[in-house]
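Please open the model in your viewer and keep the sequence beside it, so that each selection can be followed in both. The tour moves from one selection to the next and says what is there.

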Amino acid sequence: MIVFATSDKGGTGRSVTSCNLGYRMCVKGKRVAYLDFDFGSPTAGALFEISGAERGVPDNAGLHSYLQGKTGVATRIDVRDSTDRHQLRKLRTRTGKLVLLPGDSGGAEFKQIDNGIVAKCAQLLLEVDQSFDVCLVDLSAGRSVAMELALKATALPQLAERMVRWLVFHRWTRQHIIAAHGLVRGEHGLLDGGKRVGHDPDALLDRVRYIRTAVPVLNDETEGSGPQAAWLHEQHTELKRLALTNKVGASALLGETPVEPILQWREQLILDIDVDRKIANRATVEAFEKLADRVLDPASWKPV
Ligand SMILES: Nc1ncnc2c1ncn2[C@@H]1O[C@H](COP(=O)(O)OP(=O)(O)OP(=O)(O)O)[C@@H](O)[C@H]1O
Ligand SMILES: [Mg+2]
């Protein structure tokens, strides 16, 4: 399964949520590859806490160089072997694997893409999809060249039979809901851009699900019952309405993550030990687990 992670806005929680989903899938025994296609800012190595790869890898060994044909192989880093988090190194899973394909440390956003880059991308996706259960691709935000590349590569016949999914991340605010809708349904968005390169927009739409990130938890204990609490509840209802009219709710919604204090301070994997030590909230891990299950569950992808 190839899963593209995208968002209209930057800073939506796309990377942090995706890497935690990849980790949870690995814990469940899945072989997961994480491809850093955020070409302008390839910092996935920092999320996995891999020294020396925090902002991609040197010596033209990353995805930028691979896609441009400067190297025949893209670096693959086994996260559990290379991370600085020793609890993650100790993780035992019989079959699970978590491998990062980082960008180049000097890599920048591609100005444009030619057929050569598209062919390389398709070849890479095919190879990775054949040797892993899940190929998670973190795309640059917005109507980016990375999104165009993903659409063009998956429109090629060699990828036609592969299972491809799109996750659209957004924060739980007015602007983000409207932006997520625009990224998928607006001009030059996913459906429009997909159609231009040969995708059937209806089939593409069936492969799209939304994830709300860092959603504040409203309850009497945290919010009390004064005017502020009443206002917050009203806004929450208003956002739910907006999500429905922008078609990012109902069955198009895959799920959400709660606000997690750790992640407000530090981008990282949340391990079970963080919960056991009462540093991270259990609800956050449960949300990642639920999302990981839903991505993998065919029932989540029935046409909406
Ligand atoms: N559930 C959460 N609760 C609180 N903070 C969160 C949560 N999820 C993500 N964050 C934080 O939000 C910030 C943005 O997240 P992240 O870097 O994953 O977003 P992004 O969409 O990948 O951004 P970019 O476009 O810059 O790549 C980070 O500091 C991250 O730790
Ligand atoms: Mg990111």
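Which polar backbone atom is 2.8 Å from an oxygen atom of ligand 1? Select ligand 1 and then Gly11, for the atom belongs to the backbone of Gly11. A polar contact here is a pair of N or O atoms within 3.5 Å; within protein, one must be able to donate a hydrogen and the other to accept it, and residues adjacent in sequence count only if both atoms are side-chain atoms. The protein covers 82% of the 630 Å² of accessible area that ligand 1 has on its own, where accessible areas come from the Shrake-Rupley method with a 1.4 Å probe and, for residues, only the protein chains shown count as cover.

Before going on, note that this is a predicted model, in which local features need pLDDT of at least 70 and side-chain atom pairs count only at pLDDT 80 or more, while totals for chains, interfaces and linings use all residues. Residues are numbered from 1 along each chain as its sequence is written, chains are lettered from A and ligands numbered from 1 in the order in which they are written, and side-chain values use heavy atoms, with hydrogens and water left out.

**Around the ligand**

Stay with ligand 1 and add Glu260, where a backbone N or O atom lies 2.8 Å from a nitrogen atom of the ligand. Next select Thr257, which has an N or O atom in its side chain 3.5 Å from a nitrogen atom of ligand 1. Of the 17 residues around ligand 1, those that come nearest are Ser15, Val16, Arg171, Leu263 and Glu267; a residue is counted here if one of its heavy atoms lies within 4 Å of the ligand.

**The sheet**

Now show the strands, which, like the helices, are DSSP runs numbered from the N terminus (H or I, at least four residues, for helices; E, at least two, for strands). An open sheet of eight strands has the order 3-4-2-5-1-6-7-8, with mixed pairing, and two strands pair if DSSP finds at least two bridges between them. Strand 3 (77–78) and strand 8 (253–258) stand at the edges with a single partner strand each, so one side of each is left without a neighbour in the sheet.

Select strand 5 (134–139): is this strand enclosed or open? Six of its six residues are buried, so strand 5 is largely enclosed by the rest of the structure. Buried means under 20% relative accessible area, exposed over 50%, and partly exposed in between (1.4 Å probe, protein chains only). In a regular strand the side chains alternate between the two faces of the sheet. On one side of strand 5 are Val134, Leu136 and Asp138, and on the other Cys135, Val137 and Leu139, all of them buried.

Turn to the strands paired with strand 5. Four bridges join it to strand 1, the two running parallel, and Ile2 has Cys135 as its bridge partner. Strand 2 pairs with strand 5 in the parallel sense over six bridges, with Leu35 opposite Val137. Strand 2 also runs parallel to strand 4, joined by five bridges, and Arg31 stands opposite Lys97 there.

Farther along the order, select strand 6 (residues 164–171) and strand 7 (residues 208–215), a parallel pair with six bridges, in which His170 stands opposite Arg212.

**Two buried residues**

Select Leu100, whose place is in strand 4. At 0% relative accessibility, Leu100 counts as buried. Its contacts (heavy atoms within 4.5 Å), leaving aside neighbours within four places in sequence, include Tyr34, Phe48 and Ile77. The C-alpha atoms of Leu100 and Phe48 are separated by 8.6 Å, although the two residues are 52 residues apart along the chain.

Move to His199, in the loop between helix 9 (190–196) and helix 10 (201–206). His199 counts as buried because its relative accessibility is 12%, and a polar atom of its side chain lies 2.8 Å from the backbone oxygen of Leu151.

**A last loop**

Finish in the loop between helix 2 (44–47) and helix 3 (63–67), where Asp59 lies. Most residues other than glycine have a negative phi. Phi of Asp59, however, is near 60°, and Asn60, found in that loop, has a positive phi of about 50°. Asp59 counts as exposed at 71% relative accessibility, whereas Asn60, at 46%, counts as partly exposed.
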